[in-house]
Amino acid sequence: MTTAKLILNGQEYEFPVMVGSEHEVAIDFTKLRAQTGAIAYDPGYGNTGSCESEITFIDGEAGILRYRGYPIEQLAEKSSFVEVCYLLVYNKLPTAAELAAFEQKLTYHTLLHEDMKKFFESFPGTAHPMAIMSATAISLSAYYPEFLDPEIIDLNIVRLLAKFKTIAAYAYKRSIGQAYIYPRNDLSYTEDFLHMMFAVRTEPYEVPEVLSRALDLLLILHADHEQNCSASTVRMVGSSQANLFASVAAGVSALWGPLHGGANQAVIEMLEKIHADGGDYKKYMNMAKDRDSGFRLMGFGHRVYKNFDPRAQILKKAADDVLGALGVSDPLLEIAKNLEEIALNDSYFVERKLYPNVDFYSGIIYRAMGIPTDMFTVMFALGRLPGWIAQWKEMRNDPATRINRPRQIYTGATERDYLPVDQR
Ligand code: CMC
């Protein structure tokens, strides 16, 4: 199969067919409009491949997720988040020497310019940390201007990976009115983040290993997810040749919405509501099935996964392990498991292929770790950062990249004459 035929108004057109390395088939419509005068209509882009990519493979029917060919289950069990960052950004697993050098770089670029502390203070204490994350991420471009020199771009990639966690921790400290805790060079990536979050200046603080291990796992599972809403946003903004920081800041904004990364916060708020309402989860299941109720079961459903989300399966088990290790018993975990069990056997959910997604159990783990609810989406952003960077870099280096500029089908008024205000 090398071409596809389209008949429009009785005339036949031929288009090339592309096949990916995992046998995904696409019709190349690059010349569709030039040849036929028509455009493709695909709201939500569910059938549209916007690029060729070597980064992440998902088979939504089989529940497969691989970064650069490596199954998520293996990476979750055996690698570290920093190793996954390297893999995504540089397209190879690092050797021991490469990993050590990379860890060293990520350690030595964690400090924020002292002036940037004023940014945090200029936000109201009630500001959502995602607003602070997005604003501060783009502000980095004021401190580290980007030139077309690939070495500077590479340095800015390292800077962003290193400083993002400092920004996240400072946003949290700002929200609770505590003094910022400076990064420590003797700690690993996840330990350092937890130390900046939870240490206070007056007390020594040792990061519990169970927390840093759980965080590594959570960040690995969120690290990339091919052309999702925020990654596509990063690519779209970057396609105008906007700099890395500006492109990633746009990705942070896209992630914030409750249908995307904001779902982890929405899941916990939903579970808390069910708990406060006496734990009657069946009532909420019925509401989720009733279109008119306007209620959706948050943490359920996915555009791509239609059987199970492998990340949710790993996290369901991790929730039991982490809560057990921390000695936490959370009634919300029980409510979540009950909801899942009913949904897996309910025809509404089965027919629509709605299963728990990554956000369903992640919030319960973050909660047990002591991370407040409005920081959950920031945690997602921290994990997704290497994915955004890898997508941005690939887009930048791809000769096929053109400025992203979709078309539309205009359905508004046809031409009409302007009337002065007293004649309308
Ligand atoms: N609860 C109840 N019904 C649902 C849900 C849900 N969570 N999700 C989808 N449906 C129904 C929907 O009403 C529709 O029914 P019908 O065919 O009768 O109109 C059908 O299932 C298909 O839904 P859709 O909205 O057309 O599917 P989509 O691919 O456009 O949306 C989604 C995918 C993830 C936005 C959606 O499932 C959803 O809103 N889920 C809740 C929010 C959530 O958990 N988001 C996190 C996604 S995973 C992490 C990430 O990538 O950010």
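By class, how many nonpolar, polar and charged residues does the shell around the ligand have? The shell has eleven nonpolar, six polar and five charged residues. Here Ala, Val, Leu, Ile, Met, Phe, Trp, Tyr, Cys and Pro count as nonpolar, Asp, Glu, Lys and Arg as charged, and the others, Gly among them, as polar.

The model is predicted: local features need pLDDT of at least 70, side-chain atom pairs count only at pLDDT 80 or more, and totals for chains, interfaces and linings use all residues. Residues are numbered from 1 along each chain as its sequence is written, and side-chain values use heavy atoms, with hydrogens and water left out.

The ligand is surrounded by 22 residues (a residue is near if one of its heavy atoms lies within 4 Å). The closest are His 260, Arg 291, Arg 296, Leu 297 and Arg 303. Domain 2 (70–259 + 375–397) and domain 3 (263–369) each supply at least three residues of the shell; the domain bounds come from an automatic or database assignment.

Polar contacts are pairs of N or O atoms within 3.5 Å; within protein, one must be able to donate a hydrogen and the other to accept it, and residues adjacent in sequence count only if both atoms are side-chain atoms. An N or O atom in the side chain of Arg 296 is 2.6 Å from a ligand oxygen. Arg 303 places a polar side-chain atom 2.7 Å from an oxygen atom of the ligand. At Phe 300, a polar backbone atom is 2.9 Å from a ligand nitrogen. Taken alone, the ligand exposes 940 Å², and the protein buries 77% of that (Shrake-Rupley method, 1.4 Å probe).

Two sheets were examined. Strands are DSSP runs (E, at least two residues), numbered from the N terminus, and two strands pair if DSSP finds at least two bridges between them. One open sheet has three strands in the order E1-E2-E3, with antiparallel pairing. Strand E1 (3–8) and strand E3 (25–27) stand at the edges with a single partner strand each, so one side of each lacks a neighbour in the sheet. Three bridges join E2 (residues 11–19) to E3. Val 17 has Ile 27 in E3 as its bridge partner.

Another open sheet has the order E4-E5-E6, also antiparallel. E4 and strand E6 (70–71) are its edges, each with a single partner strand, so one side of each is left without a neighbour. Strands E4 (residues 56–59) and E5 (residues 64–67) pair over four bridges. Thr 56 is bridged to Tyr 67 in E5. E4 and E5 form a hairpin with four residues between them. In the turn, Gly 63 has a positive phi of about 65 degrees. Two bridges pair E5 with E6.
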